[in-house]
Amino acid sequence: AASPLFYCLAQLLSDEIKFFPPSRQFFIACIDMLGQEFIVSSPHQMQQLLSTMMDRPSLIPHLSSLFAPNITPDTFLDLYSQVSTQMSRTAEHTFSLLSKFEISRWLSEGRPLLSERSKMVAAVGRALCICGPEPSQQTAVVADLLHSHFRHLFMYRFPEHYSDALTFLLKGSASGRLSVSVWVLVLECIGCHVDNSPAASLVTPPSS
């Protein structure tokens, strides 16, 4: 009965309630107490928690601290895909949710199959394309986080995802939606030094 009460209180957290400090403090305290006790450590609650936040983005600041996708490795990829396909939301909300996904931990503890990792590379690639060729100042923080996610995937058991990375790089560049910074990231991962200064025109190959 505790989890339904948690979601009921979350849905009742309206702008009117948040406007009045005593009621806001009461609701947030109850939500946090129930969440810490019955939600944050329950793998089967992660999907409903994410759906609740996706349906009502205004709840993200209050519920995102309870979102722990790494405790449910079987649905980790699906949860990530759901968040990454909703990149049109505010950058702050997107970053808040994406930052909960610990890719390195998923790789080391979850030991996902090659096919699952390939799907994750594709999901990160789609998200990077949504960020666009020239991310705004607000979106840049999300792009940087996605760069980190991609780096972990690309370097894990290298070169297993070399083909996956090249595929999304070429498709993203052909559509004009991918930032050059992603190419720079890949080149640096394989040991090439890229000089981004205006006068630079050369990529230094890795030393032998």
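Begin by selecting R157, which counts as partly exposed at 44% relative accessibility. The model on display is a predicted one. R157 lies in the loop between α10 and α11, and its phi is positive, about 50°, although the residue is not a glycine.

Remain in this loop and select P159, which is also placed between α10 and α11. Display the peptide bond that leads from F158 to P159: this bond is cis, with omega near 10°.

Next, select R111, in the loop between α8 and α9. Its phi is also positive, near 45°, in a residue other than glycine. R111 is exposed, with a relative accessible area of 61%.

R111 follows helix α8, so that helix, residues 103–110, is the next selection. Which residues of α8 are buried? They are I103, W106 and L107. These three cover an arc of only 95° around the axis, which puts them on the same side of α8. An α-helix has 3.6 residues a turn, so residues three or four places apart point the same way. Now add α6 (76–84), α9 (114–131) and α10 (137–155), which are among the elements covering the buried residues of α8.

From α9, proceed to the largest nonpolar core, which has 59 residues. Select F6, L49, F67, Y80, M120, L146 and F150, the members that touch the most others in this core. The largest share of the core, eight residues, comes from α9.

Finally, centre the view on M120. Leaving aside residues up to four places away in sequence, M120 touches F76, L77, Y80, I103, W106 and L153. Of these contacts, I103 and W106 belong to the buried residues of α8 visited earlier.

Note on methods. Residues numbered from 1 in each chain as written. Predicted model: local features only at pLDDT ≥ 70, side-chain atom pairs only at ≥ 80, totals over all residues. Heavy atoms only, no water. Buried < 20%, exposed > 50% of the residue type's maximum accessible area, 1.4 Å probe, protein only. Helix = DSSP H or I, 4+ residues; strand = E, 2+ residues; numbered from the N terminus. Arc of directions from axis to C-beta. Contact = heavy atoms within 4.5 Å. Core = buried A, V, L, I, M, F, W, Y, C linked by side-chain atoms within 4.5 Å.
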